[in-house]
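Hi,

Here is the structure I promised to pass on. Have a look, and my notes follow underneath.

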Amino acid sequence: VRRLLRYWERKLFRSTMVFAVQGTSYRYFYHLYNQTCETERTVEIPIVWRVVQANRGKRILEVGNVLSHYFPVCHDILDKYEHDTGVMNYDVIDFCPAQKYDLIVSISTLEHVGWDEPKRDPLKVARAIENLRGCLAPGGSLVFTVPHGHNTTLDELLERRQLSLTQCLCLKRLDEDNRWVEVSLQEIANIKYNSPFPAANAIVVGQIEIP
């Protein structure tokens, strides 16, 4: 009941609140499913959903079945573990589409690759990102979000700039009200997962563009 009341408080009285990334304003996303008002989903979803909307009519792949829980979608979905209609159940490092994609997006999924699996393989996430790069058509782009502090190997790869990203943006959580602000990669180096607030206290938005 407390969570439900908190959701409606955010939805009804704070629905005009915005955050900014690279000078562009976004509204915080509030939804009962997975209590987005309490976690990083409140900023991840509006960022990625805007990218998807801007690429309507193109070939789009989502890695990790997230957006379909909040919006009607018509793009392809790849998720190794979630079995649902229209979801392709392949390991991301083995995925080889017959036709390449103009856009690939992923919301808080890649940090689990090789990390939260029965046999841990810390560098598997780097191979996964490289495979997704190969799934892009000329002029295509990969946009993904990952929480900082969950997968320490991924954090190190990002901090050492070893993933050859075209762009790397960061946001950190400011307070209990789940407000976020854009910061530099250096500013999130010591931010931990699940502390002081539940789930991610900082996220990275990575982008790879193919010429």
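Let's start in the sheet: Lys172 sits opposite Ala202 of S10. The strands carrying that pairing, S8 (residues 167–173) and S10, run antiparallel with six bridges between them; strands count as paired if DSSP finds at least two bridges. Helices (H or I, at least four residues) and strands (E, at least two) are DSSP runs, numbered from the N terminus.

Before I go on: this is a predicted model, where local features need pLDDT of at least 70 and side-chain atom pairs count only at pLDDT 80 or more, while totals for chains, interfaces and linings use all residues. Residues are numbered from 1 along each chain as its sequence is written, and side-chain values use heavy atoms, without hydrogens or water.

The whole sheet is open, with eight strands ordered S5-S4-S3-S6-S7-S10-S8-S9 and mixed pairing. S5 (87–88) and S9 (180–183) are the edge strands with a single partner each, so one side of each has no neighbour in the sheet.

Now the inside. The largest nonpolar core (buried Ala, Val, Leu, Ile, Met, Phe, Trp, Tyr and Cys joined through side-chain atoms within 4.5 Å) has 30 residues, with Val63 and Ile104 among those with the most contacts inside it. Buried means under 20% relative accessible area (1.4 Å probe, protein chains only). A second, separate core has 28 residues, including Ile47 and Ala200.

Finally, H2: ten of its 14 residues are buried, so the rest of the structure largely encloses this helix. Trp49 and Val52 are among the buried ones.

Cheers

Notes
Buried < 20%, exposed > 50% of the residue type's maximum accessible area, 1.4 Å probe, protein only.
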